[in-house]
Amino acid sequence: MSRPLLPESSLAPHVREQIQSFHRNVVDAVTAAIARDPVVVVGMAQNPFVKKARRALEAAGVPFTYLEYGSYLSQWKERLAIKLWSGFSTFPQVFVRGTLIGGFTDVERMLADGSLQRLRDTH
């Protein structure tokens, strides 16, 4: 997984608590999907890279769960909570077997070299 946006050790305890509880229901929904499903795409409406990642996975025959949180003008706080939790600052966020592999370009690369399928098929 990528490095967090803010090193947790540099945060005051009360700030760390606020970040960890910020839209916790959204983060809990994402973590539940990641624990349950082999491939999860977290995205937002209107984002062309989210659409490209979903199309690439569909074209490759990779089943996935898609979680959508608003668009450019809505649900930005929920998306911020996901970004703070994952340490990844853009969407889509694609998880395979519980591991954040990255966004669209990472999906494209991993589909091309077969590593996404290998990671997905490991138990």
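Helices and strands are taken here as DSSP runs, counted from the N terminus, with a helix spanning at least four residues and a strand at least two. With that in hand, the predicted model can be explored from its overall layout down to individual side chains.

The protein chain contains 6 helices and 4 strands. Read from the N terminus, these elements follow the order α-α-β-α-β-α-β-β-α-α. Of the 123 residues in the protein chain, 40% are buried. Among contacts with a separation of 6 or more, 63% link residues that lie 24 or more positions apart. The surface exposed by the protein chain comes to about 7,000 Å², and carbon and sulfur atoms contribute 55% of that area.

A good place to look next is the interior. In soluble globular proteins, nonpolar side chains tend to be buried together. The largest nonpolar core of this model has 15 residues, and those touching the most other members are V30, V40, V42, L67, Y69 and I82. Two or more residues of this core come from each of α2 and β1, the latter covering residues 39-43. Helix α2 makes the greatest contribution, supplying 4 residues. A second core lies apart from this one; it has 12 residues, including V39, L57, M110 and L111. The surroundings of I82 give a closer view of the packing: beyond its neighbours within four places in sequence, I82 contacts V26, V27, V30, V42, Y69, F91 and Q93.

The strands come next. Strands β1 and β3 pair in the antiparallel sense through 4 bridges, and V40 has F95 as its bridge partner in β3. Strand β3 is also joined by 3 bridges to β4, residues 99-102, again with the two strands running antiparallel. Within this second pairing, V96 is matched with T99 in β4. Strands β3 and β4 make up a hairpin with 2 residues between them, and R97 in the turn has a positive phi of about 50°. The side chains of β3 point in two directions: Q93 and F95 go one way, V94 and V96 go the other, and all of them are buried.

Several backbone features stand out in the loops. The peptide bond joining F91 and P92 is cis, with omega at about 10°. P92 sits in the loop that runs between α4 (76-86) and β3 (93-96). H23, a residue other than glycine, has a positive phi near 45°. This residue belongs to the loop between α1 (13-21) and α2, and H23 is partly exposed, at a relative accessible area of 24%. Q75 likewise has a positive phi without being glycine, with a value near 55°. The loop holding Q75 connects β2 (65-68) and α4, and Q75 is partly exposed at 34% relative accessibility.

Finally, charged side chains deserve a look. Side chains of opposite charge can pair when their charged atoms come close. The structure holds 4 salt bridges. One of them links D28 with R24, whose closest N and O atoms are 3.0 Å apart. How far apart are D28 and R24 along helix α2? The two are 4 residues apart in α2 (residues 24-36), so about one helical turn separates them. D28 is partly exposed, with a relative accessible area of 38%, and R24 is also partly exposed, at 33%.

A comparable arrangement appears in helix α5, where R109 and D106 form a salt bridge with an N to O distance of 3.4 Å. Because R109 and D106 lie 3 residues apart in α5 (residues 104-113), they too are separated by about one helical turn. R109 is partly exposed, at 45% relative accessibility.

Another of the salt bridges brings together the side chains of D37 and R36, with 3.1 Å from N to O. Are these two partners buried or exposed? The cut-offs help here, since a residue counts as buried under 20% relative accessible area and as exposed over 50%. D37 has a relative accessible area of 16% and is therefore buried, whereas R36 reaches 56% and counts as exposed.

Conventions:
Residues numbered from 1 in each chain as written. Predicted model: local features only at pLDDT ≥ 70, side-chain atom pairs only at ≥ 80, totals over all residues. Heavy atoms only, no water. Buried < 20%, exposed > 50% of the residue type's maximum accessible area, 1.4 Å probe, protein only. Contact = heavy atoms within 4.5 Å. Areas by Shrake-Rupley, 256 points an atom, 1.4 Å probe, with all protein chains shown as cover. Core = buried A, V, L, I, M, F, W, Y, C linked by side-chain atoms within 4.5 Å. Pairing = 2+ DSSP bridges.
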